[in-house]
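Take a look at the model first. Then we can go through the pocket, the ligand and two loop residues.

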Amino acid sequence: MSKLKTKDPHIRELAALVSGPYSILYEREDLLAYDCDGFTIHKHLPKAVVFPNTTEEVAAIVRYCARHRLPFLARGAGTGLSGGAIPVNGEVIISLVKMKRLLEVDLENRRAVVEPGYINLKLTNSISDKGYYYAPDPSSQSCCTIGGNVAENAGGAHCLKYGVTTNHILGLEIVLPNGDIIEIGAGGIPDAPGYDLLGLFTGSEGTLGIVTKITVRILKNPEAKQTVLAYFDKVEAGSQAVSDIISAGIVPAALEMMDKTAIEGVESAAFPVGHPLDIEALLLIEVDGISAGIEEQIDHILTVCQRHHVREVKVAQDEGERARWWANRKTGFGAMGAISADYLVQDGVIPRSKLPEVLTCINQISKESGLRIANIFHAGDGNLHPLILFDARIPGQAEKALEVGSACLKVCADVGGSITGEHGVGIEKMNEMRYIFSEEEISAQTDIREVFNPDRLLNDGKLFPSPGRCVEVKLAKQAEKV
Ligand SMILES: Cc1cc2nc3c(=O)[nH]c(=O)nc-3n(C[C@H](O)[C@H](O)[C@H](O)COP(=O)(O)OP(=O)(O)OC[C@H]3O[C@@H](n4cnc5c(N)ncnc54)[C@H](O)[C@@H]3O)c2cc1C
């Protein structure tokens with residue numbers, strides 16, 4: 001450990017709990033990099049950032065914080081989009097980035113064991129030569145950690161067919177807020193007795209414990225896959241094609257949509273592929289499985305697209321073309337930086353059949369507010385991502401963007417959907433939890449948090465609204481029209 005330049009006893013004690021170099025950051029200029037995650041509208045400095053190497057070190061840090069009543073939270077790569085890793089109470093951040101080993105690959109039983117700081121995409125890259133992959137593929141997969149994915153129950157483009165993170169987690173090792181270490185999930189033994197703690201911890205947004213080891217399911221690569229790109233003059237036609245593809249009984253591996261503003265963004269950024277700029281919507285559709293059925297599914301998809309007056313539809317000619325289309329889609333959020341100073345990503349879910357009317361409402365909210373909204377989303381499972389474009393340098397625009405985001409979520413809730421599909425609630429959508437849960441339903445959940453986190457030292461002020469705090473949405477007029 002390098003020599004510490006502080007007399008703060010907590011910093012000195014915490015540093016002593018961690019072995020090796022780079023064990024702790026505590027100086028203001030270092031802490032600035034940890035004052036927010038991908039939700040950049042709110043910023044708070046942590047007390048310190050500690051970098052444990054092992055589960056035992058995590059437990060020792062947690063016990064120290066509990067004993068001295070220091071608030072603390074876990075952090076992976078900090079790509080979260082709802083503010084879950086923001087230290088709103090000046091927390092000690094426990095960064096898991098040094099715990100990044102692939103511990104075991106068990107092809108026979110189709111599982112792998114990783115540390116929480118292991119990067120999502122590295123898992124697929126490590127096993128692809130053996131014909132296997134890890135299915136959950138958030139667009140941030142080249143940098144987000146599997147620990148963060150578990151906390152947020154992350155989704156991704158290919159989760160339409162294969163399910164989100166919770167469907168791929170077989171076991172977890174967890175450090176509880178009192179420093180106890182537990183293992184849950186029985187490593188994937190079906191129908192294990194007792195409560196389904198795996199289901200509870202996956203998606204609990206780092207409020208119940210710190211994940212220190214993860215057993216995941218790995219899948220055999222599909223025998224064949226084909227990818228289709230379809231351009232539509234009208235957004236309604238594209239939306240209707242989405243519904244018709246699914247109701248025809250086809251379950252694509254992925255079914256993604258981008259609207260006109262989103263296309264302008266991706267074509268102005270690092271991975272343009274020549275999409276026309278005057279269309280209103282494009283669909284990126286992938287089917288996979290055994291070779292025998294693929295052509296038939298593609299024919300069916302092409303027919304549905306033709307029925308909805310597609311302007312142009314094409315099938316990827318080779319792996320290179322497919323990869324370019326996906327790079328263009330997966331870098332879509334960041335591409336908004338090419339057309340706007342700032343953007344806020346929203347994450348509502350709706351029944352697929354409501355897609356055309358909800359997109360119309362979002363368009364109306366955009367006109368009312370004067371802020372442009374781009375839509376890039378997982379259309380197949382109704383998981384919308386309105387990207388609200390604003391300029392934080394203009395006074396009032398950041399607040400307006402938040403208000404617009406809330407209004408979009410109200411529209412989703414009012415058509416029977418939800419306020420988050422994969423990015424979590426964090427601090428961003430705590431109030432909006434009231435769009436979908438009653439006070440009693442929220443209490444039932446906070447009671448569970450009390451069991452594991454009674455002193456609320458771990459990641460407090462996230463996920464649930466404070467009792468009695470009322471929701472104010474000024475731009476929710478559109479919701480009434482749905
Ligand atoms: C460009 C971009 C694209 C994205 N695309 C997608 C997408 O397609 N699908 C999707 O689901 N998300 C997406 N995200 C959001 C984000 O990448 C995911 O939420 C991801 O799971 C966060 O992982 P992380 O390692 O960055 O976690 P962090 O941001 O560091 O933390 C997120 C939350 O998890 C908690 N946490 C982290 N590690 C642990 C741990 N070991 N134990 C307990 N709690 C922990 C933190 O306290 C925090 O509450 C995207 C983000 C960006 C920036």
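**Pocket, ligand, loops**

Reader: Between which domains does the second largest pocket lie?

Author: A pocket is an open set of 1 Å grid points over the protein atoms alone where a 1.4 Å probe fits, with protein on both sides within 12 Å along at least five of seven lines; lining residues have an atom within 4 Å of a point. Two domains give residues to this lining, so the pocket lies between them: domain 2 (102-220) and domain 3 (224-336). Bounds come from an automatic or database domain assignment. The pair, then, is domain 2 and domain 3.

Reader: What kind of model is this?

Author: Residues are numbered from 1 along each chain as its sequence is written, and side-chain values use heavy atoms, leaving out hydrogens and water. Local features need pLDDT of at least 70, side-chain atom pairs need 80 or more, and totals for chains, interfaces and linings use all residues: the model is predicted.

Reader: Which element gives the most to the pocket lining?

Author: Elements are DSSP runs numbered from the N terminus: helices (H or I, at least four residues) and strands (E, at least two). With 5 residues, the top contributor to the lining of the second largest pocket is α11.

Reader: Which residues come nearest to the ligand?

Author: Near means a heavy atom within 4 Å. Around the ligand there are 33 residues, and the nearest are A74, G76, T79, S140 and T145.

Reader: Which element gives the most to the shell around the ligand?

Author: β3 (72-75), α5 (146-152) and β10 (210-217) each supply at least two residues of the shell. One of them leads with 5 residues: α5.

Reader: Which side chain has an N or O atom 3.1 Å from a nitrogen atom of the ligand?

Author: Polar contacts pair N or O atoms within 3.5 Å. A polar backbone atom of G84 is 3.1 Å from a ligand oxygen, and a backbone N or O atom of G148 lies 3.3 Å from a ligand oxygen. The side chain 3.1 Å from a ligand nitrogen belongs to E422.

Reader: Where is R69, with its positive phi?

Author: Most residues other than glycine have a negative phi. R69 is not a glycine, and its phi is positive, near 50°. Its place is the loop between α3 (55-67) and β3.

Reader: What is the phi of L463?

Author: L463 sits in the loop between α16 (439-452) and α17 (477-481). L463 is not a glycine, yet its phi is positive, at about 75°.

Methods: A polar contact is a pair of N or O atoms within 3.5 Å; within protein, one must be able to donate a hydrogen and the other to accept it, and residues adjacent in sequence count only if both atoms are side-chain atoms.
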